[in-house]
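Me: I would like to go through a structure with you before planning further reading of it. Please show it first.

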Amino acid sequence: MSNATCNTSWSSANKDLATLLEYESPKDPTIAPKDRETSVQHLSLLYVRYIQILRKLESAYDQMVHPQKRRLLREVLIATIGRLLEIKHKMVELELTDFHNFDDVLLDLKLTPDDLRIPIPHFYVEEREKTHKELRLLMDSLNAKPVNFGEDLPAFPPLTVSEAIRVIQINERARQGRMRAKYMRDIKLQAQREKELDHNEEEMEVNSAAVQIQRIYRGYKAREQFKKLLQEELRFLDMTLTTPDPKHNPVTEAEANRDRRKIVQNQHEDEYQQALVNTKEKILKVEGPDMKESLQDSFRQWYMEYKRKNNKFPDFPPEKIWQEPAFNFDALQGEMPVLPTDEKAQPQETGRKKSAGKKEDKKKDAKKAPAKPGKKGGKEPDEDPNQFKFDNSEFLTTITKETNLYEEAWAKKDERDNLVQKHDQDIVKNDKRREVQTEVKAQVMEILKEELQNLRMAVDREKGGKGKKGKKGKKGKGKKGKKGGKGKGKKGKKDKDLTANRTMESLVEELIKEGILQKYPITNAREFITETNVAVPTVLDPKDKEKEKTAPSPIVYPNLADVLRVFTEYSVLPLGILDALSVGNISSVLLCGLKGSGKTHLLRTLATHLSATVFNITPSNTVGHYTGKSATTRMLHMVFKVARAHPPAIIYLDNAETIFMKKVPKDDTSDPKRIKKDLTKFMKGLKPVDRVMVVGCSSKPWDAEQKAFLPIWAKILPVPCPSYAERWKSWQTFVREKGVATEDLNLGMLARISQGLTVGQIRLAVDRALTARRLKLIRHRPLATPELLEQVLDMMPFSKDEDKPLWDFYEKTPMMKKRTVLLTPAEDDGKKKDKKKPGTAGKKKK
């Protein structure tokens, strides 16, 4: 990406933001949405358009080399992320579901489903590169364990002795059968040759043989020519996947260009930082004395003019006034500066007056407040209570401010002399001049304040010497209010720090040695295979037709692309920003799905794109460590303390349902229930500022005790089995990763046959088919579809409805229960109310 492309992308995003700001706050109130349905449509459009703007801003910020533009662009980027998350949570609040259908919006805007992919800003990792590198070196020196995300299925399951003997017998018998068949075939061929040699060859037989050879060869050449023409036509229509030339691969060239621009970006940043220091020193040295002198002169002229008018020296101006950049003593003309009306300090009242005033205010408010519509004399409010209202967003204020600043400073700036895109020295001078003025003003004001105070004391001394000394009044001892101390209220008990006498370095080393603080493999979000299946409805359950007729299903069935996008919104985007975005207040997420569905991959993606610190407190990982109740409490205290000190941090919990089971299986020796109480306590204490997230994975969440298990998770995200399109892409991706072409494979049939399999099981089938020995024979014997089908059929029997318990569990989650009530028709509610007895309406269940 060039400098011109970055500037064009920023300019386009800025225009789109200006259009969206007008759309979000229309001048005509009749255009604003008034009910839930129109509000959801309004928010859906905003959501999709903010994603497009975010993509432009992120690509521009990632490769822009101008240091001053990057600072402004960063503020716009963060504000856009914050506003996008606000809209997302508002949509969840209205529809009571984490997954939404944007088909209509995409169709209206002429976008593809891939345009809904949310980009993860690269600066999340770049800003933590140094800190993360130091932690990785420490972990390597202490031989830290790699994170064991879940249970990896072996490529080939272990065999018993009898099974191994049976496999050997089958293969040996097959080998002997092939040898016998080959021997018999050779005998028959030899007999046929001898028979042909005995007969005389006629001229007609030779001619017919030649014609047959020509026919076969010409057919072969025609088929080859047809294949070649077909490939050329498909390539011309861009309907085939060609292997790019490594020397001229556009992806490789774009990555190399990005690396070069990153080097230039760092160089320009270093020059800019050095210019800031040098410019400030120069201004302080050259212009600093003049600033001090002019400020002192104007101040002295002001108080002398004030003394001439009022025959006394003035009070020193309040800090709120003289700290303003535009404040100047010359503009006062001998008058005392006045605070704005809303900032004037109100005189403090005594306790009795305050309480009396509060009571009077309450009475006035009660008189002014309109009566309820059910009571006499009450009037119905003019506003519709069902009308949807948007909350005031500070991100919108930031976006408006930054877009206006861009229009003023950079939109029309002539940069023909700055093709290299280095910093603007004039802007640096102006900024540093204001900074020096502020520092000089603060220093000089302290001196002038003392000077004015000495002058007033000298005048008071002269007046005091001339007049009679008055008796000193006795200092009245005001009665201390008895309720003064109680007004503060009792302080809540703070959690006792169990490791107060230890350093943070020692805690980190202990957690690494105990195998709790672990390393993780680098995984990119692009490696998570997603594909939109546009042929399947997402609002209603297509399997349960009878239920569909009576009432709509509350579940919006997502695909893997929806899960990745929602997981990014709830975890990656909020945690990656240094100034944590307190949007939604999500500190825990539960990923539930079948084994191999992609829960582990999502977790690795989260850790990679945040350069996060990962703590593995899975009971099977901590078994044998920190035994006993007090030791378990100390372990969790250490984990959460170190996590808060090294944000962003992920606390990983595999098989989360085992902690909340009523009866733990007998073969489980890890005692998972020992951390239940303390874990719940520490999870409730997490705040957005901590930038710590607890991520749990569960393949059987329905086995846990639901009353204790569900409330601790802020969000519960189901990870479904892949759709047809995702299975097709999975087969293609995994086979190509082995270096094998897929043009001759029937991927459509493989996708159909593997319905019900997870992505992990598809990868396992490919690994079993393409062993190291089979890859060596690829040149001589290309891969065929039956080889992969054989591995799918040899797996354990699977059902297409294997994920039904997962959706039954998800339908019983708190959010889905609320959504069921929301989707229930009003007539049903009226019938239920009529069935209730008249005397039981006000009774409470004991």
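Reply: What follows is a short exchange about confidence, salt bridges, cysteines and a few single residues.

Me: What kind of model is this, and what is the mean pLDDT of the protein chain?

Reply: This is a predicted model. The protein chain has a mean pLDDT of 79, and 79% of its residues reach 70 or more.

Me: Where is the pLDDT below 50, and how many contacts beyond near neighbours in sequence are there?

Reply: One such stretch is residues 537-550, which has 19 contacts in the model beyond near neighbours in sequence. Another is residues 835-846, with 0 contacts of that kind. Where pLDDT is low, the predicted coordinates should not be read in detail.

Me: Turning to charges, how many salt bridges does the structure hold?

Reply: The structure holds 32 salt bridges. One of them joins arginine 83 to glutamate 24, with the closest N and O atoms 2.4 Å apart.

Me: Which helices does that pair tie together?

Reply: Arginine 83 belongs to helix α3 (residues 67-95) and glutamate 24 to helix α1 (residues 3-24), so the bridge ties together parts that are 59 residues apart in sequence.

Me: Is arginine 83 buried or exposed? And glutamate 24, buried or exposed?

Reply: Arginine 83 has a relative accessible area of 6%, so it is classed as buried. Glutamate 24 has a relative accessible area of 12% and is also buried, because the cut-off is under 20%.

Me: What does arginine 258 form a salt bridge with?

Reply: The partner of arginine 258 is aspartate 62, and their closest N and O atoms are 2.7 Å apart. This pair links distant parts of the chain: arginine 258 is in helix α9 (residues 250-286), aspartate 62 is in helix α2 (residues 36-63), and they are 196 residues apart. Aspartate 62 is buried, at a relative accessible area of 5%.

Me: Which residues are linked with those two in a network of salt bridges?

Reply: The network links Asp62, Glu126, Arg258 and Lys262.

Me: And what about glutamate 439 and its salt bridge?

Reply: Glutamate 439 pairs with lysine 280, the closest N and O atoms being 2.8 Å apart. Glutamate 439 is in helix α14 (residues 425-466) and lysine 280 is in helix α9, so this bridge ties together parts that are 159 residues apart in sequence. Glutamate 439 is partly exposed, with a relative accessible area of 30%.

Me: Changing topic, how many disulfides are there?

Reply: The structure holds 0 disulfides. Cysteine 697, for instance, is in no disulfide; the nearest cysteine sulfur is that of cysteine 592, 9.7 Å away.

Me: Is cysteine 697 buried or exposed? And cysteine 6, buried or exposed?

Reply: Cysteine 697 counts as buried, at 3% relative accessibility. Cysteine 6 is buried with a relative accessible area of 1%.

Me: Where does methionine 815 lie, and what is it in contact with?

Reply: Methionine 815 lies in helix α29 (residues 814-823). Leaving aside neighbours within four places in sequence, methionine 815 is in contact with Val92, Leu96, Thr97, Asp98 and Lys715. Methionine 815 and threonine 97 are 718 residues apart in sequence, yet 6.9 Å apart in space, C-alpha to C-alpha. Methionine 815 is partly exposed, with a relative accessible area of 22%.

Me: Finally, which residues form a nonpolar patch on the surface?

Reply: Tyr183, Met184 and Ile187 form such a patch, with about 320 Å² of accessible area together. Tyrosine 183 is in helix α7 (residues 161-198) and is exposed, with a relative accessible area of 56%.

Methods:
Residues numbered from 1 in each chain as written. Predicted model: local features only at pLDDT ≥ 70, side-chain atom pairs only at ≥ 80, totals over all residues. Heavy atoms only, no water. pLDDT = per-residue confidence, 0-100. Contact = heavy atoms within 4.5 Å. Patch = residues over 30% accessible without salt bridge, like charges linked within 9 Å, V, L, I, M, F, W, Y side chains within 5 Å. Areas by Shrake-Rupley, 256 points an atom, 1.4 Å probe, with all protein chains shown as cover. Salt bridge = Lys/Arg side-chain N within 4 Å of Asp/Glu carboxyl O. Helix = DSSP H or I, 4+ residues; strand = E, 2+ residues; numbered from the N terminus. Buried < 20%, exposed > 50% of the residue type's maximum accessible area, 1.4 Å probe, protein only. Disulfide = S-S within 2.5 Å.
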